[in-house]
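Okay, can everyone see the screen? Let me pull up the model and walk you through it.

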Amino acid sequence: MVEQSANLDQAFHALADATRRGIIAELARGERTVSRLAEPYEMSLAAVSKHVGVLVGAGLVHRQKVGREQVCTLQRERLAELEQWVATYARFWGERLDALEMALKQEETKGDG
């Protein structure tokens with residue numbers, strides 16, 4: 001459980017940055033080199049490579065050296081794990097809020113009577 005929590009922390013930390021979310025969005029379209037991922041950003045190639053490193057460390061991206069390039073691929077199964085975690089809590093809170101709404105309506109009905 002502690003390991004899962006640390007993994008979640010690392011993944012959500014990685015996704016908390018807009019640049020890294022942009023990289024994820026680009027990789028959702030297919031594999032890309034770090035050079036290509038850096039194109040839309042006004043930052044050095046080294047800075048983009050650091051962002052990619054955070055995503056790799058979180059298990060969201062796989063990076064492989066091919067010749068002189070670093071090729072990145074999205075780890076979709078890792079994103080699916082995060083989606084599952086979020087969905088669990090979305091159901092939990094949805095049920096609680098539905099119950100609260102029903103209770104409030106019942107109280108409102110009692111007050112009208």
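**Helix 5 and its greasy side**

So, L100 first: L100 sits in helix 5. Before I go on, this is a predicted model, where local features need pLDDT of at least 70, side-chain atom pairs count only at pLDDT 80 or more, and totals for chains, interfaces and linings use all residues. Residues are numbered from 1 along each chain as its sequence is written, and side-chain values use heavy atoms, with hydrogens and water left out.

Back to L100, which counts as partly exposed at 45% relative accessibility. On the cut-offs, buried is under 20% relative accessible area, exposed is over 50%, and partly exposed is in between, with a 1.4 Å probe and protein chains only. L100 belongs to a nonpolar surface patch of about 790 Å², together with F12, W85, V86, Y89, W93, L97 and L104. Patches here take residues with over 30% relative accessible area and no salt bridge, joining nonpolar side chains (Val, Leu, Ile, Met, Phe, Trp, Tyr) within 5 Å and like charges within 9 Å. The areas are Shrake-Rupley with a 1.4 Å probe, and for residues only the protein chains shown count as cover. Which element gives the largest share of the nonpolar patch? That's helix 5, residues 76-112, with 7 residues. Helices and strands are DSSP runs, by the way: H or I over at least four residues, E over at least two, numbered from the N terminus.

Now the charges. There are 4 salt bridges in the structure, each meaning a Lys or Arg side-chain nitrogen within 4 Å of an Asp or Glu carboxyl oxygen. In helix 5, E81 meets R78 at 2.9 Å, N to O. Those two are 3 residues apart, so about one helical turn separates them. Is R78 buried or exposed? R78 is buried, at 11% relative accessible area, while E81 is partly exposed at 46%. Also in helix 5, E101 pairs with K105, with the closest N and O atoms 3.7 Å apart; they're 4 residues apart, again about one turn.

Elsewhere, R29 bridges to E26 at 2.8 Å between the closest N and O atoms, and R29 is exposed at 64%. E26, R29 and R32 are linked in a salt-bridge network.

Last stop, the sheet. It's open, with 3 strands in the order 1-3-2 and antiparallel pairing. Strand 1 (32-33) and strand 2 (61-66) are at the edges with a single partner strand each, so one side of each has no neighbour in the sheet. Pairing, for the record, takes at least two DSSP bridges between two strands. Strand 2 and strand 3, residues 69-74, pair over 6 bridges, with K65 opposite Q70. Helix 2 (residues 18-27) packs on the sheet, touching strand 1, strand 2 and strand 3, at about 85° to the direction of strand 3. Helix 4 (residues 45-57) packs on the sheet as well, touching strand 2 and strand 3, at about 125° to strand 2. Contact there is heavy atoms within 4.5 Å; axes are lines fitted to C-alpha atoms, for helices over the stretch in contact, with angles from 0 to 180 degrees between N-to-C directions.

And the turn: strand 2 and strand 3 make a hairpin with 2 residues between them, where G67 has a positive phi of about 65°.
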